[in-house]
Amino acid sequence: MSLGYRTLFALALATTPGLAQEAPTAPLVLRLPGGTRAAGAGNAFTAGRGAEVIFYNPAQIGVLRGTMISLARFGSSATQASLATVGPFGRVAIGAGVLYLEYESPAASSLYSRPGMLPAGGPLQSSSLAATLAASTRIKGIRFGIAGKYVQENIGGLRDGSLALDAGVAREFGRATFALAVQNIGSGIEIMGEPASLPTRVSLGAVSPSIPLDTYFDLVAMASVSRERDGRIVPAAGVELLYQPVSGWTFIGRVGARRVEGGPGPLESPLALGGSFGLDRFWLDYAFQPSRGSPATHRIGIRIQ
């Protein structure tokens with residue numbers, strides 16, 4: 001294991017508390033998928049590429065220049081928007097991204113909501129924000145990235161914000177990509193005297209090369225495993241089936257699964273489905289995630305890369 005990976009593992013262990021700490025985490029938007037393509041692939045995007053990877057691993061922002069916008073609707077009570085642009089500029093890659101969520105907080109046993117409650121709504125008009133700037137560079141075949149972000153939660157007109165840090169490394173082994181990232185390092189927030197920690201996590205991910213299946217069909221597989229702040233282990237995986245009948249036209253079917261949070265009330269489904277249509281540099285993405293006990297989540301996105 002390289003020095004970069006050993007250093008990042010040590011940082012992850014130092015910043016991720018053990019199972020005994022079960023305080024609520026916020027902002028809520030940091031616990032949701034960062035984009036439409038990632039959502040349809042089970043959120044297994046630690047080693048992904050494209051603009052939305054800025055929300056998963058800053059080390060990967062220089063692999064593929066692009067811009068994306070994504071909108072998600074959780075039933076009729078919550079809307080999430082994502083916007084990101086990344087790309088190489090000489091020896092350094094830079095990127096910027098914003099995640100924003102408007103939702104209705106149920107304000108039940110805690111002020112802070114969880115992803116599975118978003119379609120159900122509640123009495124408090126709330127919002128969640130994360131704005132990110134990232135940079136990465138390549139040294140001796142290893143990509144290193146760092147990102148700073150401002151995060152904020154607004155619940156019923158009361159708000160608090162904080163600064164946070166992401167760090168990551170990535171490298172190709174053969175034609176496959178392997179990556180490690182630590183996200184949301186920083187102090188938490190506090191609203192009405194109720195503290196919440198940032199949803200710190202450490203994630204290890206991999207993406208396969210494009211595997212030819214036929215003259216027109218290719219397959220790409222991706223996987224990740226994350227350790228959440230409370231010690232919960234979250235595996236995730238997804239596959240993409242690419243169909244390119246003519247040059248410049250690409251159709252993609254996508255399926256993914258990940259471990260989701262439990263708890264009372266409505267629950268997220270671990271399964272997600274999606275698809276994309278690409279015409280040269282322009283892509284239209286869609287993702288669908290059912291929810292047990294409440295309306296499903298629909299996402300639509302546009303990418304230029």
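Arginine 303 and aspartate 285 form a salt bridge in this predicted model, and their closest N and O atoms are 2.6 Å apart. Because arginine 303 belongs to strand E19 (residues 297–304) and aspartate 285 to strand E17 (residues 282–289), the pair ties together parts of the chain that are 18 residues apart in sequence. Both arginine 303 and aspartate 285 are buried.

**Salt bridges**

Side chains of opposite charge can pair when their charged atoms come close. The count for this model comes to six salt bridges, and three of the pairs are set out below.

| Pair | Closest N and O atoms | Separation in sequence |
|---|---|---|
| Arginine 303 and aspartate 285 | 2.6 Å | 18 residues |
| Lysine 149 and aspartate 166 | 2.9 Å | 17 residues |
| Glutamate 228 and arginine 201 | 3.5 Å | 27 residues |

The salt bridge between lysine 149 and aspartate 166 links distant parts of the chain, with lysine 149 in strand E5 and aspartate 166 in strand E6. Lysine 149 has a relative accessibility of 7% and therefore counts as buried, the limit being under 20%. Aspartate 166 is likewise buried, because its relative accessible area is 0%.

Glutamate 228 forms its salt bridge with arginine 201, and this pair also links distant parts of the chain, from strand E12, which holds glutamate 228, to strand E10 (residues 201–207), which holds arginine 201. Glutamate 228 and arginine 201 are both buried.

**The network around glutamate 240 and arginine 254**

A network of salt bridges links Arg37, Glu240 and Arg254. Glutamate 240 is found in strand E13 (residues 233–246), while arginine 254 has its place in strand E14 (residues 249–258). Glutamate 240 counts as buried because its relative accessibility is 2%, and arginine 254 is buried as well, with a relative accessible area of 4%. The side chains of glutamate 240 and arginine 254 make a polar contact at 2.7 Å.

The surroundings of the two residues can be described through their contacts, leaving aside neighbours within four places in sequence. For glutamate 240, these are Arg37, Asp218, Leu219, Val220, Met222, Ile252, Gly253 and Arg254. For arginine 254, the contacts include Arg37, Gly40, Ala41, Val239 and Glu240, and among them are also Ala272, Leu273, Gly274, Gly275 and Ser276. Arginine 303, the residue that forms a salt bridge with aspartate 285, is also in contact with arginine 254.

**Nonpolar cores**

The largest nonpolar core has 46 residues, and those with the most contacts inside it are Leu101, Tyr112 and Leu118. At least two residues of this core come from each of several strands, including strand E1 (66–74), strand E2 (78–89), strand E3 (92–105), strand E4 (124–139) and strand E12 (217–228). Strand E3 gives the most to this core, with four residues. A second, separate core has six residues, including Val169, Leu180, Ile185 and Val202.

Tyrosine 112, when its neighbours within four places in sequence are left aside, is in contact with Pro24, Thr25, Ala26, Ile155, Ile189, Glu190, Ile191, Glu194, Pro195 and Ala196.

**Strand E3 and its partners**

Strand E3 has a covered face made up of Ala93, Gly95, Gly97, Leu99, Leu101, Tyr103 and Ser105, whereas Val92, Ile94, Ala96, Val98, Tyr100, Glu102 and Glu104 form its uncovered face. Leu101, on the covered face, is one of the residues with the most contacts inside the largest core.

Strands E2 and E3 run antiparallel and are joined by eleven bridges, with alanine 84 standing opposite glycine 97 in E3. The two strands form a hairpin with two residues between them, and glycine 90 in the turn has a positive phi of about 70°. Strand E3 also pairs with E4 in the antiparallel sense, over 14 bridges, and serine 127 in E4 is the bridge partner of glutamate 102.

**The chain as a whole**

The chain has two helices and 19 strands, and buried residues make up 52% of its 305 residues. Of the contacts with a separation of 6 or more, 55% are between residues 24 or more positions apart. The accessible surface of the chain comes to about 13,100 Å², of which 65% belongs to carbon and sulfur atoms.

Conventions
Residues numbered from 1 in each chain as written. Predicted model: local features only at pLDDT ≥ 70, side-chain atom pairs only at ≥ 80, totals over all residues. Heavy atoms only, no water. Core = buried A, V, L, I, M, F, W, Y, C linked by side-chain atoms within 4.5 Å. Buried < 20%, exposed > 50% of the residue type's maximum accessible area, 1.4 Å probe, protein only. Contact = heavy atoms within 4.5 Å. Areas by Shrake-Rupley, 256 points an atom, 1.4 Å probe, with all protein chains shown as cover. Polar contact = N/O pair within 3.5 Å; in protein donor to acceptor, adjacent residues only side chain to side chain. Pairing = 2+ DSSP bridges. Salt bridge = Lys/Arg side-chain N within 4 Å of Asp/Glu carboxyl O.
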